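Let's take a walk through a protein together. Have a look at the picture first, and then we'll pick a spot to start from.

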Amino acid sequence: MLGLLEKLSYWEELTSQLALDNVDSDQILLMNSITWNIYEILLQKFENTSHYRFKYLEGTLEIMSPSRRHEFDKKLIALLLETYFMETGIDFYPLGSTTFRREVSARGIEPDECYCFDSEKPVPDLAIEVVVTSGGIDDLLIYQGLGVQEVLFWQNNQFFLYSLQSDKYNKISKSTFLKDLDLTFLASLILSGEKPKDLILRLREHIRRGN
């Protein structure tokens, strides 16, 4: 455990410098043969910082230091989705980057954003993941073990939506929770480069005029 903490301390120093040098690349550290107990110890150690995100899958631990671009995109997506929820009268419960974990399936994750609909539940109905840098743990394998019904990825300037059906994720084009949400239009807003305030106003207008 001491050796692991020393490695993390060095990685903290490195990622702090890289964050200053490169705002468009997430920094990812992968470690194998990590016990569940060590994973929980690390969660406790870093519970008061938002600089790192932890994922755990059957002994493999991923620690990510999100880039400025990552944080901007995930916050913008959350603002637009929550505008959609309010405009269409959807009851939602925002759970942000809450840590969800299940020891029996050896899985844990902190979504970029996540929501329950109609009522608050032990796991979210919809999880949002922004992928800036590839090469980490397969998020869908974690979410599958947690029982999250839908996962929405923002990657390569596109949305990809997956639905859990018979213990397997299938790619879908429309959310079962948000049937009228036009993901293509949502992507076009994000890529327009306009100010967030103006994007929210455009989305409101789009919804109010019936798409």
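Our starting point is Glu113, which you'll find in strand 7, the stretch covering residues 113-117. Keep in mind as you look around that this is a predicted model.

So is Glu113 buried or exposed? Its relative accessible area is 9%. Because the cut-off for buried is under 20%, Glu113 counts as buried.

What does the side chain of Glu113 make a polar contact with? Look for Lys74: the two side chains pair up in a polar contact at 3.2 Å. Lys74 also turns up among the contacts of Glu113 once you set aside its neighbours within four places in sequence. Ala78 and Gly96 are on that list too, and so are Leu126, Ala127 and Ile128.

Now let's leave the strand and hunt for empty space. How many cavities of 30 Å³ or more does a search of the whole structure find? There are three. The largest cavity has a volume of about 50 Å³. It is lined by 10 residues, and the ones closest to its centre are Tyr84, Leu181, Asp182, Leu203 and His206.

Which elements give two or more residues to that lining? They are helix 5, running over 183-191, and helix 6, running over 196-208. Helix 6 gives the most, with three residues.

Finally, think about what kinds of residues make up the wall of the largest cavity. Six residues of the lining are nonpolar, two are polar and two are charged. Try finding Leu203 and His206 in the picture, two of the residues closest to the centre of the largest cavity.

Methods: Residues numbered from 1 in each chain as written. Predicted model: local features only at pLDDT ≥ 70, side-chain atom pairs only at ≥ 80, totals over all residues. Heavy atoms only, no water. 1 Å grid on protein atoms, 1.4 Å probe; cavity = no way out; pocket = protein on both sides within 12 Å on 5 of 7 lines; lining within 4 Å. Points joined across faces, edges and corners; volume = space filled by probe spheres on them. Helix = DSSP H or I, 4+ residues; strand = E, 2+ residues; numbered from the N terminus. Nonpolar A, V, L, I, M, F, W, Y, C, P; charged D, E, K, R; others polar. Buried < 20%, exposed > 50% of the residue type's maximum accessible area, 1.4 Å probe, protein only. Polar contact = N/O pair within 3.5 Å; in protein donor to acceptor, adjacent residues only side chain to side chain. Contact = heavy atoms within 4.5 Å.
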